[in-house]
Amino acid sequence: MSQDDVPVPIPNLKAPQYFFVLSDSKLSHLHDEARKGLVKLIQDDEMAPYYASLPPMKPALLDATALSTIQASNSTNLENLDKALASAYDTEGESEISDALRARANYLTKIGDKEKSVEAQKLAMEKTPGLGARIDIVLTLVRIGFFFADQDIIKIYTKKAELLVEEGGDWDRRNRLKVYSGMQLLSIRQFERAANLFIDALPTFTASELLDYNDFVTLTVIAGTLVLKRVDLKKKIISSPEVNQVLPDIPSLANFTKSLYDSEYAKFFVSLAAMEQTQLLPSRLLSPHARYYVREMRILAYAQILESYRSLTLQSMSTAFGVGIDFIDNDLQKFISSGRLNCTIDKVHGIVETNRPSSKNAQYETVVRQGDLLLNSVQSRMYGIVFTTLHKSPSTGPRDNGHLKVFTLQIHLCKMPWINGFETNDVRFETSLTGDGSDAMNFDCDYSAATVILYTDEDLRGHGMTFTIGRGTEVVVAAIKQVAERLMGKETEKLFQDMGKTWDLLMGDAQLRWIGPEKGVIHLATAAVGNALWDMYARSRQKPLWKLIVDMTPEEFVRSTTFRYITDVIKPAEALEMLHKLESSKAERESRVRDIGRVLYPAYITSAGWLRYDDRKVAALTRAAIASGFTHFKMKVGANFEDDQRRARLIRSILNDPKSFPADYQPPPATTLEGKNAGPTGCVLMMDANQVWDVEEAIEYMKGLADAKPWQATSSTS
């Protein structure tokens with residue numbers, strides 16, 4: 001790579017890091033330095049667009065004169081770049097055009113104009129012929145993603161970079177991509193994969209456009225200390241010359257890893273606390289994972305000391321860790337109850353007793369336990385982690401005439417995936433501008449979703465979401481993070497084996513239950529996490545979710561249901577009996593539903609009857625729905641009686657008019673319309689008030705709409 005090809009740090013990722021520090025009142029001791037650093041960067045890189053995207057701060061980072069100067073410089077430079085580009089198109093060749101496009105894209109990237117820089121970089125990539133140059137552009141797009149914390153951009157272009165590098169990227173770009181990929185993995189809490197990439201890149205680090213070398217080593221040590229085995233920790237971190245070169249500049253880092261390795265637990269706890277305050281919480285990248293990281297490191301230290309003893313007193317543990325007995329007692333109890341530590345506490349005698357078997361016995365018991373689980377489930381689940389091979393025994397001589405055949409069964413047990421990270425997103429659409437989704441209770445809603453992706457230590461993942469309508473989605477996202485934490489470290493197969501218990505696990509946080517759990521924000525959050533887990537379950541079996549459920553045995557289906565609060569109506573044994581009675585006809589019923597779905601699966605449509613649509617739009621959408629084959633229609637009511645009456649009569653007049661239908665239209669069978677108040681064309685009208693009325697009001701209101709012949713009024717009251 002020539003000197004001209006060396007990437008420059010644009011956009012400069014120190015800017016959002018400084019702003020992150022300034023935005024956190026708990027980091028006030030760092031505010032002065034962060035403020036000075038941010039102001040200098042904005043001025044040096046002329047970042048007027050980025051400055052405009054920041055929320056107002058008091059006092060302002062820049063005065064009006066300084067901002068005007070930067071904006072004027074932006075305008076002048078962009079004008080010159082546009083002229084150079086126009087000239088290249090007029091008089092130069094493809095190489096010069098590519099250079100002009102890249103220069104313009106890089107300037108927009110440098111000044112922090114997100115939308116324009118992304119589009120400019122994409123255009124430059126299209127016009128750039130060289131593979132190496134295109135990889136550099138893609139990595140710049142990844143940096144833009146990191147700068148604006150846009151996970152979609154980061155994921156899309158990290159994957160794009162991987163594909164381009166596989167086409168023939170040089171050694172330097174391959175090495176830099178490891179650092180980019182590791183950063184992306186750290187951002188979604190996949191510490192093990194990130195650590196492996198960082199350690200590979202450690203001796204030949206060149207990605208200084210992304211982060212400083214000292215910061216890179218810090219991330220490598222933080223990730224490696226959590227996930228590496230003791231032998232590897234010594235070899236790859238503690239004895240690494242690259243790490244040791246940096247440690248004098250970051251003493252807390254040296255004490256942190258070395259004290260854990262040397263079993264100096266009191267020193268380690270002090271270092272862990274210092275690490276949290278100096279490296280985790282102030283880091284824009286690591287701060288969201290600080291609580292998780294500190295918890296996992298405590299578990300690691302406890303497990304390490306317990307590894308060496310059959311039993312030891314709480315007093316000796318508290319002395320070893322330099323904390324009080326009550327702290328050790330409470331901390332151990334928390335991790336024991338969640339299955340993270342193999343020990344018990346004898347409260348009477350104040351002794352911690354390990355119930356960890358010897359390593360050989362542990363391996364044996366693990367194999368037996370996994371074998372039992374897999375053999376019990378393989379017939380019904382057909383999960384691809386058990387492979388069987390049949391071998392004919394060698395000939396035993398003349399007596400072996402082909403009648404005697406001895407076979408051996410080989411079972412290969414594979415490690416089960418476990419959940420090790422998650423990612424959330426707040427997705428909103430401005431449907432309030434057009435009236436889409438409007439009803440009497442939710443008049444100006446913005447259809448939105450709080451989404452979550454659950455990650456494992458393998459490629460298996462699960463996607464889930466819960467529906468929201470705008471403001472408050474950020475609250476649901478915050479709750480999702482709390483609920484998803486309960487799945488961290490759990491083996492997927494153990495969760496899948498009893499989804500009813502898994503639901504109880506998600507709902508079982510003693511403190512979160514106070515603001516939930518089967519209602520409100522916590523319930524919405526748990527729905528998203530539960531959906532993601534079910535999606536992961538279906539993906540693991542390589543089936544759509546409906547097929548996964550259809551193929552369940554009665555026992556699996558009942559285990560997948562939590563019967564809390566409903567046993568007065570139906571008990572597990574009763575549900576099991578009902579399912580067994582219907583088991584013989586399940587295949588026939590599935591086939592019938594598939595056949596119906598191939599033609600036209602019964603459904604109704606609401607999109608023609610949203611409350612804020614004007615009459616012209618209602619009429620047009622009603623006719624379009626008829627043309628699509630719908631015969632059941634729902635309209636929203638409850639805000640204004642005169643409007644509702646007019647709209648209902650309009651929809652009914654279209655539904656009753658044979659001219660609204662195709663020439664070959666056939667009404668639904670009369671047997672399917674009984675009691676539905678259908679009109680002469682067989683169309684059914686329903687109404688929905690979204691709980692806006694009281695009971696008596698609902699009755700009187702619907703009497704006034706009776707001439708439109710509605711079948712039902714759903715959600716009339718709460």
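## Questions on the model

User: In which helix is Glu 296 found?
Analyst: This is a predicted model, where local features need pLDDT of at least 70, side-chain atom pairs count only at pLDDT 80 or more, and totals for chains, interfaces and linings use all residues. Residues are numbered from 1 along each chain as its sequence is written, and side-chain values use heavy atoms, with hydrogens and water left out. Helices (H or I, at least four residues) and strands (E, at least two) are DSSP runs numbered from the N terminus. On that numbering, Glu 296 is found in helix 16.

User: Is Glu 296 buried or exposed?
Analyst: With a 1.4 Å probe and protein chains only, buried means under 20% relative accessible area, exposed means over 50%, and partly exposed lies in between. The relative accessibility of Glu 296 is 10%. Glu 296 therefore counts as buried.

User: Which residues does Glu 296 touch, not counting those up to four places away in sequence?
Analyst: Starting close by in sequence, the side chain of Glu 296 makes a polar contact with the side chain of Arg 295 (3.3 Å). A polar contact is a pair of N or O atoms within 3.5 Å; within protein, one must be able to donate a hydrogen and the other to accept it, and residues adjacent in sequence count only if both atoms are side-chain atoms. For contact in general, heavy atoms must be within 4.5 Å. Beyond the sequence neighbours, Glu 296 touches Leu 226 and Arg 340.

User: Which helix gives the largest share of the largest nonpolar core?
Analyst: A nonpolar core is a set of buried Ala, Val, Leu, Ile, Met, Phe, Trp, Tyr and Cys residues joined through side-chain atoms within 4.5 Å. The largest one has 141 residues, and Met 317 and Leu 332 touch the most other members. Its largest share, 10 residues, comes from helix 16.

User: How many residues are in the second, separate core?
Analyst: Let's start from the other core: leaving aside neighbours within four places in sequence, Leu 332 is in contact with Tyr 302, Leu 314, Met 317, Leu 341, Ile 345 and Val 352. The second core is separate, with Ala 619, Phe 633, Leu 685 and Met 687 among its members. The number of residues in this second core is 25.

User: What is the count of disulfides?
Analyst: Cys 445 is buried at 4% relative accessibility, and Cys 683 is buried at 0%. A disulfide requires a pair of cysteine sulfur atoms within 2.5 Å. By this rule the count is zero.

User: Within what arc do the buried residues of helix 6 fall?
Analyst: An α-helix has 3.6 residues a turn, so residues three or four places apart point the same way. In helix 6 (residues 114-127), Ser 117, Val 118, Ala 120, Gln 121, Ala 124 and Met 125 are buried. Taking the directions from the helix axis to the C-beta atoms, these residues line one face of helix 6, because they fall within an arc of 170°.

User: Which helices do the buried residues of helix 6 pack against?
Analyst: The other side of helix 6 carries exposed Glu 115, Lys 116 and Glu 126. At the start of helix 6, a side-chain oxygen of Asp 113 reaches to within 3.4 Å of the backbone nitrogen of Lys 116. The buried residues pack against helix 5, helix 7 and helix 8.

User: In helix 12, which exposed residues are on the face turned away from the buried side?
Analyst: Leu 233, Ile 237 and Ile 238 are buried in helix 12 (residues 230-238). They cover an arc of only 70° around the axis, which puts them on the same side of helix 12. Their cover includes helix 10, helix 11, helix 13 and helix 14. The face turned away carries Val 231 and Lys 235.

User: What is omega for the cis peptide bond from Lys 58 to Pro 59?
Analyst: Most residues other than glycine have a negative phi, and most peptide bonds are trans. A cis bond joins Ile 10 and Pro 11, with omega about -15°, and Pro 11 is in the segment before helix 1. Pro 59 is in the loop between helix 3 and helix 4. For the cis bond from Lys 58 to Pro 59, omega is near -10°.

User: What is phi of Lys 709?
Analyst: Ser 263, in the loop between helix 14 and helix 15, has a positive phi near 60°. Lys 709 is found in the loop between helix 30 and strand 11, and at 31% relative accessibility it counts as partly exposed. Although Lys 709 is not a glycine, its phi is positive, at about 55°.
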